[in-house]
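Welcome, and thanks for taking a look at this one with us. Below is a short tour through a few local features, from aromatic rings to helix packing and backbone angles.

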Amino acid sequence: MRTLLPLFLLFLMAACGKQRDQEAYQFFLRGNDQLLRQDYAQAERFYTEALQKKPEFPEALTNRGLAYIQQANYEKALSDLNNSLKINPKLGSTYQNRGNLFSMQGEYANALRDLEEAVKFIPDSSTAWAFLGNAQYMTGQEDLAMSSFQKAEQLRPSDYTTYAFRGWVYVLRKEYDKARQDFESVLKYRPNEPSTVNNLSMVTTQLGDPKKGLEWADRAVKITEGKLLAYSVNNRAYALLELNRLDEAKAELNRSLRLDDNNAWAYRNLGLYYFKKQQFAQAMDALKKAEQMDPSVENLYFYLGNTSQASGKNQEACTYWKKGATLKEKKSIEAAKGCS
């Protein structure tokens, strides 16, 4: 999941005896308050004050690491989380948060290692089990992943993290109706969670309801910013393409690529736009660019095959459809049935 980043703070409950320890604890509490208020720079400042009073303070290091993550300062976040574990190697929440950081950076083997430690130390943490399920799926352990998600849901049904991560796994498995159900469950607890609203736009359009997908996309565009806004605008373009509102779709695709020109899904949709306009050379260029970026993009090989067929290259079309079939593209599977 690209952008979901919940907060998981450590709250230190033990009383501090010495004056400097007491002062450190007060700064720690003030940092927690600012982190919950989403004032990450202030939270960082208070945790730094706590650590100046008490350098051997693993909980403060862990929570300052969270503040750094929220500010996309991943190098400093990793340093703080590593140092926290040097002081207390049994702090399960630190493994949980470092595992999440590794997952965000695509280091799923490291994430899996940390999250397996996390559930040993904090077996009742639904969040740790949800993170573990995500890392297990991304390292090819699908059955274990679904068991971990089930464990997380049993521990705390109200933990939206479980539904967000499992929903994205369902997207990767092309089980879009299950993904929709999980994303809708997220919104019961976090009504305006941006990445989830954005994902619902894509999933709903994929399920054949582009009108509803456009509604979700309009909502996503209003509540997102930065790179996620590029994805939301692109999903809006996809819904418009499915509604054959091509000129509007092209304007949104241009906008999405201005915001982020490294989005394979946007280039796939650009290819679909050119295909619908019967500009097959431009369609092929855009689709091949999407393939170079991310060949797992949904229905990419189906559209490549269709474009080849429309260009009179039937053998090439079959090659693309067969490749899509190996990636479990349902449309490619159907199209490949006509190939020898």
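## Aromatic rings

One aromatic cluster is formed by Y25, F28, Y47 and F57. Please keep in mind as you browse that this is a predicted model. With ring centres within 6.5 Å taken as a pair, the count comes to 11 aromatic pairs.

A nice pair to zoom in on is F131 with F165: their ring centres are 5.3 Å apart and their planes stand at 70°, so this pair is edge-to-face. The cut-off behind that label is an angle over 60 degrees between the planes. F131 belongs to helix α7 (residues 126-138) and F165 to helix α9 (residues 160-172), so the pair ties together parts that are 34 residues apart in sequence. Both F131 and F165 are buried.

## How α1 meets α3

Next, have a look at two helices. The axes of α1 (residues 19-36) and α3 (residues 58-70) come within 11 Å, crossing at roughly 25°. Angles under 35 degrees count as roughly parallel, and α1 and α3 are therefore roughly parallel to each other. The crossing in which α1 passes α3 is left-handed.

Which residues make the contact? On the α1 side they are F28, N32 and L35, while α3 brings E59, A60, N63, L66 and A67. Sorted by character, the residues of this contact divide into five nonpolar, two polar and one charged. F28 may look familiar here, as F28 is also part of the aromatic cluster with Y25, Y47 and F57.

## Two positive phi angles

If you like checking backbone torsions, here are two residues to visit. Q38 is a residue other than glycine, yet its phi is positive, near 70°. You will find Q38 in the loop between α1 and α2 (40-53). Is Q38 buried or exposed? Its relative accessibility is 54%, and since exposed means over 50%, Q38 counts as exposed.

N299 is not a glycine either, and its phi is positive at about 60°. N299 sits in the loop between α16 (280-293) and α17 (300-310). Is N299 buried or exposed? The relative accessible area of N299 is 2%; the cut-off for buried is under 20%, so N299 is buried.

Conventions. Residues numbered from 1 in each chain as written. Predicted model: local features only at pLDDT ≥ 70, side-chain atom pairs only at ≥ 80, totals over all residues. Heavy atoms only, no water. Axes fitted to C-alpha atoms, helices over the stretch in contact; angles between N-to-C directions. Helix = DSSP H or I, 4+ residues; strand = E, 2+ residues; numbered from the N terminus. Parallel < 35°, antiparallel > 145°, perpendicular 65-115°, else oblique. Left-handed = near helix turned anticlockwise from the far one by under 90°. Contact = heavy atoms within 4.5 Å. Nonpolar A, V, L, I, M, F, W, Y, C, P; charged D, E, K, R; others polar. Phe/Tyr/Trp six-rings, centres within 6.5 Å; stacked < 30°, edge-to-face > 60°. Buried < 20%, exposed > 50% of the residue type's maximum accessible area, 1.4 Å probe, protein only.
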